[in-house]
Amino acid sequence: MMTLPFVLAALGLGALFLRQRGVALGAWVLALAALLWLFHLHVTDPLPLAF
Amino acid sequence: MLRTLSLHLNTLGLLAIVAVLAFAFADQVIHGDLPCPLCLLQRGGFVLAGFGLALNLTCGTRASHYAVVILGAVAGGAVAVRQVLLHIVPSTGAYGEPLLGLHFYSWAALLFGLIIVGTAVLLLFDGGFSRPHDRPGDQSAGPGRLGLLALVLFTLMVLANILSTALECGLGLCPDNPTNDEWLAPPPRTP
C-alpha cells in the first residue's frame with residue numbers, strides 16, 4: 001500500500017510521455033490523495049510536547 | 001528568452017529533486033538504513049513536487065504546473081515537519097544518522113520550504129509561461145536534451161522507489177521502525 005503514491009506518479013509520468021496531460025494530472029491528484037491518506041494512517045503517536 | 005530560462009530552471013530543479021531522491025536511495029542501499037514510513041512519504045512528496053516540473057518540461061510552463069509543485073511540496077513538508085516535531089524534544093531519540101548536523105527529515109523540511117519559495121519566485125515572471133498557442137510537441141516548447149535526461153532519471157527514481165518500497169513494506173503498511181525487508185527477509189512468525 002505504501003507504493004501507491006509512487007505507482008500513481010509513475011502512471012502519470014507514463015501519461016506525460018504520451019502527452020496525455022489530463023490523465024497525468026488525474027494520476028497526480030490520486031497520488032496526492034494517497035499520500036495524504038497514508039500520512040493520516042501513520043500519524044498515530046502523540047507528539048511529546050509539553051508547555 | 002524568459003521562457004527558455006524558465007525551462008532551464010525547471011530542468012535544474014528536476015535534476016535537484018532527482019539528486020535528493022538518489023542520495024536517499026544511496027544511503028538506504030550503502031548503509032542499509034531502511035526508510036521509515038514517514039521517510040517514504042517525504043520521498044513521495046519530492047516525487048509529487050517534481051511531477052509539476054516534469055509537466056512544465058513536457059507540456060510547457062504554466063501557472064497550474066507550478067501549483068502542482070507547491071502542493072506536492074506542502075504535502076511532503078507537512079510529513080517532514082511532523083517527523084521533526086516527533087523528535088524535537090531532547091532525549092526523545094531520532095531516526096537515522098545525521099548528515100552535516102541535521103537528520104534527513106530536517107533537511108527534507110528545509111528543502112520543501114526552498115522548493116515552495118523557489119517556485120513562488122518563478123511565478124513572479126509572467127514572461128516565463130508558455131503562450132496559449134504553443135502546442136505540446138513544438139520544438140520551442142520541448143524539454144531539450146538535458147530536460148529529457150532529467151525526465152528519464154526522474155522516472156527511473158520513481159520506479160526504483162516503487163521496487164524498494166514494495167520490498168520493504170510488501171502490500172501493507174510499513175512498520176514504524178522497520179528492521180528488515182518484508183519480502184526479502186520476512187520476520188519470523190510468532191505462534
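Biologist: In chain B, what share of the contacts with a separation of 6 or more is between residues 24 or more positions apart?

Modeller: That share is 75%. Two residues count as in contact if their C-beta atoms, placed from the backbone, lie within 7 Å. Keep in mind that this is a predicted model, where local features need pLDDT of at least 70 and side-chain atom pairs count only at pLDDT 80 or more, while totals for chains, interfaces and linings use all residues. Residues are numbered from 1 along each chain as its sequence is written, and chains are lettered from A and ligands numbered from 1 in the order in which they are written.

Biologist: OK, how many helices and strands does chain B have?

Modeller: Five helices and zero strands, so along the sequence you read α-α-α-α-α. Those are DSSP runs numbered from the N terminus: H or I with at least four residues for helices, E with at least two for strands.

Biologist: And what percentage of chain B is buried?

Modeller: Of its 191 residues, 41% are buried. Buried means 20 or more other C-beta atoms within 10 Å of the residue's own, again placed from the backbone; 12 or fewer is exposed, and in between is partly exposed.

Biologist: Switching topic: how many residues of each chain are in contact with the other?

Modeller: 28 from chain A and 37 from chain B. On the chain A side, α2(A) gives the most, with eleven residues.

Biologist: By class, what is that side of chain A made of?

Modeller: It has 22 nonpolar, three polar and three charged residues. Here Ala, Val, Leu, Ile, Met, Phe, Trp, Tyr, Cys and Pro are nonpolar, Asp, Glu, Lys and Arg are charged, and the others, Gly among them, are polar.

Biologist: How many residues are in the largest nonpolar core?

Modeller: 61, and those with the most contacts inside it include A:Trp28, A:Leu35, B:Leu48 and B:Phe154. A core is a set of buried Ala, Val, Leu, Ile, Met, Phe, Trp, Tyr and Cys residues joined through C-beta atoms within 7 Å. α2(B) brings the largest share, 14 residues.

Biologist: What does A:Leu35 contact, leaving aside neighbours within four places in sequence?

Modeller: A:Pro5 in its own chain, plus B:Leu41, B:Gly44, B:Gly45, B:Leu48 and B:Ala75.

Biologist: Last one, what do the buried residues of α5(B) pack against?

Modeller: α1 of chain A, along with α1 and α2 of chain B. Those buried residues include B:Phe154 and B:Asn161. Just after α5(B) comes B:Gly170, with a positive phi of about 65°.
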